[in-house]
Number of protein chains: 2
Amino acid sequence: MRAKIADVARHARVGAGTVSRVLNGAKNVSRHTRARVLASIDELEYVPNLVARGLAANRTGIIAAVVPALGYSQHAEVIQGITEFLHEHGITLMIGHSGYDLEVEREIISAFLARRPDAFYITGVDHSEATRRILRDSGVPVVEGGNLTDTPIDCVVGYSNFEAGRQLTHLLHERGHRHIVHVNNGSEVNDRNRDRQRGYEAACAELKIAKKKRVITGTNTLDGGAQAVAEMLALGRPVDALQCGTDVLAVGAILECQRRDIAVPGQLAITGFDDLPIASAIVPSLTTVKIDRISLGRRAGRVLLQRLSGEMVPSKVVDVGFQIVERASTKPRAGR
Amino acid sequence: MRAKIADVARHARVGAGTVSRVLNGAKNVSRHTRARVLASIDELEYVPNLVARGLAANRTGIIAAVVPALGYSQHAEVIQGITEFLHEHGITLMIGHSGYDLEVEREIISAFLARRPDAFYITGVDHSEATRRILRDSGVPVVEGGNLTDTPIDCVVGYSNFEAGRQLTHLLHERGHRHIVHVNNGSEVNDRNRDRQRGYEAACAELKIAKKKRVITGTNTLDGGAQAVAEMLALGRPVDALQCGTDVLAVGAILECQRRDIAVPGQLAITGFDDLPIASAIVPSLTTVKIDRISLGRRAGRVLLQRLSGEMVPSKVVDVGFQIVERASTKPRAGR
DNA sequence: GGCCACATTGGAAGCGCTTCCAAGATTATA
DNA sequence: TATAATCTTGGAAGCGCTTCCAATGTGGCC
């Protein structure tokens with residue numbers, strides 16, 4: 001049988017309360033007693049039962065995270081950042097994925113709540129009213145991640161997808177493009193992609209360039225990107241730039257252009273979003289938006305920790321910024 | 001305040017034990033009582049506290065998973081599969097990553113054990129002796145995933161990396177290649193990649209083709225694949241095929257060949273491993289090994305569930321198989 | 001009608017910990 | 001040295017649930 005706190009107490013000839021105090025780093029334990037307790041813990045190979053602690057202390061040391069899908073490295077990286085940071089603080093992550101469905105998201109959050117997590121991380125800033133209410137009522141700190149909003153449930157750590165989309169369009173405009181089509185992933189609509197597109201639309205208005213019918217692809221896949229090229233050609237109007245909502249779409253588009261012998265960026269400039277590893281390796285390399293998601297995750301972890309230690313968070317909204325990386329897929333066309 | 005079981009009991013005019021029985025689907029509760037309890041649960045919006053249940057029942061309903069890194073979609077997909085399956089059964093996943101470091105893996109497992117998971121999923125079949133001992137001593141069911149072994153800690157769900165590597169080499173041989181170099185990722189050595197390489201070596205021996213010095217790249221990245229091409233050229237011997245340990249390396253190699261104007265598969269055939277989405281989209285499309293990782297995960301979840309319901313598992317070793325997908329990167333060279 | 005087997009139920013004990021309170025030990029102060 | 005203030009400490013209560021045991025109720029059977 002595993003040793004329990006009473007065994008340690010008996011072995012060290014102290015009360016259970018004292019062992020608990022040693023374990024939790026309370027300062028009012030004499031050096032001598034502490035040493036004896038630590039020795040006993042060592043000898044008995046005692047490992048505290050965190051389930052029991054969770055019940056007694058009403059703190060589980062667990063944080064619940066909900067992402068749309070783990071398979072996309074973007075989300076996985078954020079989770080990795082959060083885990084890395086929190087692990088150092090003895091906190092464990094419980095994970096679920098919603099498949100981009102807000103109703104599923106709500107269900108998962110309800111289910112997680114029964115496990116009494118100390119805090120929640122959820123992806124994005126769009127959630128059903130029920131979700132917002134459940135989370136608010138629970139009184140648990142919540143960090144939303146991956147975008148910005150003025151009305152977070154509690155806190156938000158992200159970057160402005162709107163502004164990034166807007167700046168990309170401006171970049172294309174500066175490079176001489178006037179016929180820019182936006183490619184969005186229709187099947188996995190979410191606030192991040194929606195805001196990127198809104199940024200594009202805002203820029204079009206600012207620049208007074210005609211906003212082309214955007215090409216909606218069925219899925220956020222390489223195939224979707226290829227299909228977008230086909231749809232663009234079918235538009236029957238001149239298009240000189242494709243602003244894709246994700247790198248996956250953009251890479252799919254580049255590869256399709258390779259197959260169709262469309263010169264990139266000569267005939268068609270292409271931009272992505274995410275700076276996946278493939279973005280810098282593909283020929284031509286892809287202009288895109290880079291977000292350091294591991295550090296976004298770590299940052300979210302930090303905020304989570306502050307919130308649950310009761311510390312006041314300096315700001316409800318943490319902007320980790322983004323960086324536009326210009327590469328070959330949008331280089332100005334030589335000799336024009 | 002949240003309702004607790006005693007509140008429900010009082011409201012339904014029954015004992016707490018009866019409510020518990022209703023909650024846990026015990027059959028010895030009269031229809032009438034059950035209905036009354038359910039009504040009270042509904043009315044009070046009672047949600048059981050799973051932490052307390054975990055302590056009392058000595059079952060937490062949590063399964064711990066340890067992967068090398070979440071950022072690689074392969075692992076994320078397995079996790080997604082496990083989660084999907086287990087969620088339906090009210091089980092939640094606790095997740096950690098080891099960064100391909102067996103010592104870190106041990107630490108994480110120790111830390112997780114304090115949370116009393118009902119079972120463990122861990123990636124791969126290579127673990128430190130300490131890890132194996134800790135897990136054995138804990139008496140918790142363990143599923144190792146992603147490879148096969150005759151000596152699992154408990155159970156294993158995977159496929160034969162050895163056999164896949166071996167068959168790939170045979171395929172290249174059938175297509176007329178005799179100078180095959182294996183590219184492995186040196187920095188993240190793990191049993192899966194090691195076994196793929198061993199399969200290659202076994203095939204070389206069987207086919208009596210000279211085994212070239214394998215090119216070791218520093219990292220499992222696109223850059224690593226590009227570098228492998230450089231190293232291969234520096235070998236100063238004829239090489240007509242590159243058998244890469246992962247799709248990432250293979251794609252990196254294809255892109256480097258594009259830059260260096262090496263015809264694939266004309267001058268050099270290339271194979272990968274994993275069947276990432278990019279494998280079928282890239283030009284030329286990549287011959288690789290496909291594993292349905294989501295269903296591997298679901299399968300692992302099923303075994304986990306069987307193990308912890310005490311059910312006898314038909315076999316300690318579950319082989320989910322793999323599939324070699326031949327694409328353009330190894331098509332026989334025309335006219336020879 | 002009496003007895004037994006079985007179904008149903010209430011309630012106490014206990015899961016392993018934290019935390020509060022009160023008591024005892026120690027130190028500072030006069 | 002006496003007293004107050006402060007540090008340590010043990011131990012009980014309690015976190016919200018499950019589960020066991022005993023008690024009650026129910027019906028069948030002779």
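A:Leu93 stands opposite B:Ile95 in strand S2 of chain B. That spot belongs to a junction where strand S2 (residues 92-97) of chain A meets S2 of chain B, the two running antiparallel and joined by 3 bridges. Strands here are DSSP runs (E) of at least two residues, helices are runs (H or I) of at least four, and both are numbered from the N terminus; two strands pair if DSSP finds at least two bridges between them.

You're looking at a predicted model, where local features need pLDDT of at least 70 and side-chain atom pairs count only at pLDDT 80 or more, while totals for chains, interfaces and linings use all residues. Residues are numbered from 1 along each chain as its sequence is written, with chains lettered from A and ligands numbered from 1 in the order in which they are written.

**The sheet that crosses both chains**

- The S2 strands sit in an open sheet of 12 strands with mixed pairing, in the order S11(A)-S5(A)-S4(A)-S3(A)-S1(A)-S2(A)-S2(B)-S1(B)-S3(B)-S4(B)-S5(B)-S11(B).
- S11 (317-319) of chain A and S11 (317-319) of chain B stand at the edges with a single partner strand each, so one side of each has no neighbour in the sheet.
- From one strand to the next, the twist averages 20 degrees (angles run from 0 to 180 degrees between N-to-C directions, and axes are lines fitted to C-alpha atoms, for helices over the stretch in contact).
- Over in chain A, S4 (residues 142-145) and S5 (residues 155-158) pair in the parallel sense over 3 bridges, and A:Val143 has A:Cys155 in S5(A) as its bridge partner.
- Helix H6 (residues 102-113) of chain A packs on this sheet, touching S1 (62-67) and S2 of chain A, and its direction makes about 170 degrees with that of S1(A).
- Helix H13 (residues 293-308) of chain A packs on the sheet too, touching S1, S3 (119-123), S4, S5 and S11 of chain A, at about 165 degrees to the direction of S5(A).

**How the two chains meet**

- 40 residues of chain B are in contact with 40 residues of chain A; contact means that the C-beta atoms, placed from the backbone, lie within 7 Å.
- On chain B's side, the elements giving two or more residues are helix H4 (50-57), helix H5 (73-87), strand S2 (92-97), helix H11 (247-260) and helix H12 (277-281).
- H5(B) gives the most to that side, with 7 residues.
- Sorted by class, that side has 22 nonpolar, 14 polar and 4 charged residues. (Ala, Val, Leu, Ile, Met, Phe, Trp, Tyr, Cys and Pro count as nonpolar, Asp, Glu, Lys and Arg as charged, and the others, Gly among them, as polar.)
- The copies meet through the same surface, because 100% of the interface residues of chain B are also interface residues in chain A.

**Symmetry**

- A rotation of 180 degrees, with 0.0 Å of shift along its axis, superposes chain B on chain A with an RMSD of 0.0 Å (a least-squares fit on the C-alpha atoms of residues with pLDDT of at least 70 in both copies).
- The two copies are therefore related as by a two-fold rotation axis.
- In chain B, B:Met94 has the C-alpha nearest the axis, 2.3 Å from it.

**Around the DNA**

- 26 residues surround DNA strand D, and the closest are A:Gly15, A:Gly17, B:Gly17, B:Ser20 and B:Ala56. (Near means a C-beta atom, placed from the backbone, within 6 Å.)
- Helices H2 (16-23) and H4 (50-57) of chain A, together with H2 (16-23) and H4 of chain B, each give two or more residues to that surface.
- The surface near strand D divides into 13 nonpolar, 10 polar and 3 charged residues.
- DNA strand C has 26 residues around it, with A:Gly17, A:Ser20, A:Ala56, B:Gly15 and B:Gly17 coming nearest.

**Inside chain B**

- Helix H1 (residues 5-12) of chain B packs against H2(B) at an angle of about 105 degrees, with their axes 8 Å apart.
- That angle makes H1(B) roughly perpendicular to H2(B), a label that covers 65 to 115 degrees.
- B:Ile5, B:Ala6, B:Val8, B:Ala9 and B:Ala12 in H1(B) meet B:Ala16, B:Val19 and B:Ser20 in H2(B).
- Chain B also has an open sheet of 4 strands with parallel pairing, in the order S7-S6-S8-S9.
- Its edge strands are S7 (215-217) and S9 (269-271) of chain B, each pairing on one side only.

How values were computed: Two residues are in contact if their C-beta atoms, placed from the backbone, lie within 7 Å. Angles under 35 degrees count as roughly parallel, over 145 as roughly antiparallel, 65 to 115 as roughly perpendicular and the rest as oblique.
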